[in-house]
Amino acid sequence: MAPIDTSKKSIVWVLGGPGSGKGTQCDKIVAKYGFTHLSTGDLLRAEVKSGSERAKCLTAIMERGELVPNEIVLDLLKEAILARAEESKGFLIDGYPREKSQGIAFEENIAPVSVIIYFEASSETLTQRLLGRAASSGRADDNEETIKLRLKTFLDNNDLVLAQYPDKLRRVSSHSTLFGRLSNFQLAVCSLAPPSSSRGYHKATK
Ligand code: ADP
């Protein structure tokens with residue numbers, strides 16, 4: 001049975017190509033809404049750093065810009081969600097699902113998704129942004145060759161993922177202003193979980 005009760009905690013999947021800015025946008029709203037931001041890329045990089053047994057196969061796959069086995073991603077996500085389930089008002093899951101089967105597995109094993117936010121951007125924009133940050137990111141996969149592969153992996157899977165959830169999908173253009181992106185993102189999250197400090201909103205109850 002799914003261990004998270006989404007009548008109390010919203011689950012938001014935040015999707016977009018590499019370089020779409022989804023992580024930055026998540027950081028801006030977590031504090032405001034008391035949500036927890038979990039990035040599967042960050043969870044995987046932390047796992048690689050830990051040198052655990054299950055991390056052994058990850059480095060090579062990530063350096064090729066391919067998807068790592070879903071059992072590993074799903075286990076990491078589930079552990080991270082359950083560890084924070086008590087105190088969190090909801091979760092922004094950034095970078096998951098990246099293929100259709102991942103979405104199905106998440107809903108079967110963790111919880112049904114409440115809303116999906118997709119940051120749209122052209123391949124040209126994504127490539128330029130990634131190349132721009134490559135010099136300072138310190139990430140092994142921010143090089144021209146791997147950027148191409150990451151983009152290909154994204155383009156190969158993304159339409160199928162989005163098509164699976166037409167009613168829950170909210171699109172935010174990565175080309176609009178920072179303010180516009182943030183407002184649209186907030187609107188989608190706000191419809192689920194109003195900030196407890198704002199007047200006119202009800203406090204989230206546990
Ligand atoms: P990007 O913005 O390029 O997608 P991330 O930090 O989100 O960067 O992910 C880095 C790498 O971690 C991906 O290229 C992929 O190898 C792996 N990864 C992240 N999320 C997932 C996922 N949901 N499923 C499989 N692999 C993933």
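This is a short chat about reading buried residues and nonpolar cores in a predicted model.

User: Let's start with Cys-26. Is Cys-26 buried or exposed?

Analyst: A residue counts as buried when its relative accessible area is under 20%. Cys-26 has 0% relative accessibility, so it's buried. You'll find Cys-26 in helix H1, residues 22-33.

User: Which residues is Cys-26 in contact with, leaving aside neighbours within four places in sequence?

Analyst: Cys-26 contacts Val-14, His-37, Leu-92, Asp-94 and Phe-185. As for Thr-36, 10 residues from Cys-26 along the chain, the C-alpha atoms of the two are 9.1 Å apart.

User: And Glu-47, buried or exposed?

Analyst: Use that cut-off again: Glu-47 counts as buried because its relative accessibility is 10%. Glu-47 sits in helix H2, residues 40-50. Not counting residues up to four places away in sequence, Glu-47 touches Ser-52, Arg-54, Ala-55, Leu-58 and Leu-76.

User: How should I think about a nonpolar core?

Analyst: In soluble globular proteins, nonpolar side chains tend to be buried together. Here, the largest nonpolar core has 38 residues, and Ile-11, Ile-93 and Phe-106 have the most contacts inside it. Elements supplying at least two residues each include strand S1 (10-16), H2, strand S3 (90-94) and helix H7 (144-163).

User: Which element gives the largest share of this core?

Analyst: That's H4, with 7 residues.

User: What does Ile-93 contact, leaving aside neighbours within four places in sequence?

Analyst: Ile-93 is in contact with Ile-11, Val-12, Trp-13, Val-14, Leu-38, Leu-77, Ile-81 and Phe-106. Apart from the largest core lies another one of 13 residues, and Cys-26 is among them, along with Val-12, Val-115 and Ile-117.

How values were computed:
Residues are numbered from 1 along each chain as its sequence is written. This is a predicted model: local features need pLDDT of at least 70, side-chain atom pairs count only at pLDDT 80 or more; totals for chains, interfaces and linings use all residues. Side-chain values use heavy atoms; hydrogens and water are left out. Helices (H or I, at least four residues) and strands (E, at least two) are DSSP runs, numbered from the N terminus. Buried means under 20% relative accessible area, exposed over 50%, partly exposed in between (1.4 Å probe, protein chains only). Contact means heavy atoms within 4.5 Å. A nonpolar core is a set of buried Ala, Val, Leu, Ile, Met, Phe, Trp, Tyr and Cys residues joined through side-chain atoms within 4.5 Å.
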